[in-house]
Amino acid sequence: MATMIPILETPLGCLHQADCLSVLATLESESIDLAFADPPFNLGKQYSSRIDDAKASHEYLEWCRGWLDAMVRVLKPGGSLFLWNLPKWSLPLGAFLGERLTFRHWIAVDIKYSLPIGGRLYPSHYALLYFVKGKRPAIFHPDRIPVPCCRHCGGELRDYGGYKDKMNPKGVNLADVWTDIPPVRHAKYKKRDANGLSLKLMDRIVAMASDPGSLIFDPFGGSGTTYVAAELTGRRWIGSELDCSSIIERFDALEADSAHLLEIQRDKNTLFRRSDLERRRKVGKPLSGNYRLAEIVGAECVCDSSSREQGDLFDVS
Ligand SMILES: C[S@@+](CC[C@H](N)C(=O)[O-])C[C@H]1O[C@@H](n2cnc3c(N)ncnc32)[C@H](O)[C@@H]1O
């Protein structure tokens with residue numbers, strides 16, 4: 001295989017300022033544990049890399065099939081492939097991948113990304129397609145997430161019936177609808193590519209389908225969120241991007257991302273978010289992060305009972 005000179009090398013990763021197809025051509029077959037792609041969506045957006053983001057539909061799909069095919073080739077048996085896109089493109093691309101890999105999930109990530117459109121439903125989710133090479137994933141350890149609590153009193157928004165004492169102290173099972181991923185619009189990221197994904201999203205994917213030391217590939221670097229999540233959690237990574245300036249700038253000062261990731265990680269695999277525990281402390285609700293140890297009396301939200309959901313037993317384990 002031909003080698004390429006990376007534009008950035010870190011202790012764990014290397015980034016190529018090049019077309020993803022030429023980088024993919026240099027990778028060994030069956031060498032990648034986790035492949036993730038967040039391509040342009042063909043919405044006619046302006047990218048600093050000046051790509052054509054307004055192709056005819058058939059051309060766009062043809063282009064996507066080219067790099068997806070190459071990603072399938074480099075994926076290890078048992079490796080995971082995630083594709084982030086609009087439902088419109090996920091449908092044909094999911095069918096294409098389904099002929100090559102084993103479908104695991106269509107994860108709906110609840111993020112509002114446009115204004116309501118007349119005569120249509122309000123587009124409110126991105127599709128995160130999850131496939132695996134072969135029958136089963138070699139690595140699968142999804143995070144558990146905290147119980148949803150009231151923003152005012154910290155009380156639980158769901159009624160867990162008589163099963164609270166059986167709930168896992170590490171939180172509830174991750175479902176295939178994610179409603180807790182924030183859009184990236186924090187002031188400190190102002191300079192960053194507007195298309196950048198949330199670090200929380202990438203940390204969740206990386207945690208689910210890789211281990212420290214695993215090798216991750218993302219063909220569309222953008223602002224480098226995948227690479228940052230990989231680097232800060234001890235995964236090796238390879239990336240490509242036509243304009244790497246945002247990524248290089250980001251890796252020059254990783255402290256903010258590192259602190260942000262710590263916050264994200266403190267609030268997962270736990271029954272209550274720290275902010276909810278603080279609210280509960282203020283109003284005198286039980287504070288234990290473990291229902292199995294605490295005597296829970298009247299801990300549910302009483303602010304607005306209409307927003308409570310009943311009998312959500314899927315997360316009892
Ligand atoms: C939606 S953005 C990715 C954002 C990224 N996931 C993040 O969190 O910052 C898509 C990126 O793909 C890059 N791109 C488009 N065509 C490419 C190609 N053929 N090879 C490499 N990168 C490409 C664009 O420059 C753009 O930055």
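Among contacts in the protein between residues at least 6 apart in sequence, 70% join residues at least 24 apart. That figure, like everything that follows, comes from a predicted model. The protein has 317 residues, and 49% of them count as buried. Its secondary structure comes to 8 helices and 11 strands. As for the outside, the accessible surface of the protein is about 15600 Å², and carbon and sulfur atoms account for 53% of it.

Now to the ligand. A shell of 23 residues surrounds it, with D38, S49, S223, T225 and E241 the closest. Sorted by class, that shell is made up of 11 nonpolar, 8 polar and 4 charged residues. Several polar pairs can be picked out. On the nitrogen side, a polar side-chain atom of D19 sits 3.1 Å from a nitrogen atom of the ligand. L197 takes part through its backbone, where an N or O atom lies 2.8 Å from an oxygen atom of the ligand. S223 uses its side chain instead, with a polar atom 2.6 Å from an oxygen atom of the ligand. Taken alone, the ligand would expose 600 Å², and the protein buries 97% of that.

Two helices are worth a look for how they are covered. Helix α4 (residues 199-209) is mostly tucked away, with 10 of its 11 residues buried. The buried set includes the charged residues D203 and R204, along with L199, L201, M202, I205, V206, A207, M208 and A209. At the start of α4, a side-chain oxygen of S198 comes to within 3.0 Å of the backbone nitrogen of K200.

Helix α6 (residues 245-252) gives another picture: here I247, R250 and F251 are buried. Looking down the axis of α6, these buried residues fall within an arc of 95°, so they line one face of the helix. What they pack against is a mix of strands and helices, namely β1 (8-9), β2 (13-17), α5 (225-232), β10 (236-241) and α7 (255-266).

One of those partners, strand β10, also holds S240. At 0% relative accessibility, S240 falls under the 20% cut-off and therefore counts as buried. A polar atom of the S240 side chain lies 2.7 Å from the backbone oxygen of P219. Beyond its neighbours within four places in sequence, S240 is in contact with L15, H16, A18, C20 and V23, and also with F217, D218, P219, F220, G221 and Y227.

Finally, a couple of backbone oddities turn up in loops. Most residues other than glycine have a negative phi. N42, however, has a positive phi, near 60°. N42 belongs to the loop between β3 (32-37) and α2 (57-74), and at 12% relative accessibility it counts as buried. N269 also has a positive phi, near 55°. This residue is found in the loop between α7 and α8 (274-283). With a relative accessible area of 30%, N269 is partly exposed.

Conventions. Residues numbered from 1 in each chain as written. Predicted model: local features only at pLDDT ≥ 70, side-chain atom pairs only at ≥ 80, totals over all residues. Heavy atoms only, no water. Near = heavy atom within 4 Å. Polar contact = N/O pair within 3.5 Å; in protein donor to acceptor, adjacent residues only side chain to side chain. Areas by Shrake-Rupley, 256 points an atom, 1.4 Å probe, with all protein chains shown as cover. Helix = DSSP H or I, 4+ residues; strand = E, 2+ residues; numbered from the N terminus. Buried < 20%, exposed > 50% of the residue type's maximum accessible area, 1.4 Å probe, protein only. Contact = heavy atoms within 4.5 Å. Arc of directions from axis to C-beta.
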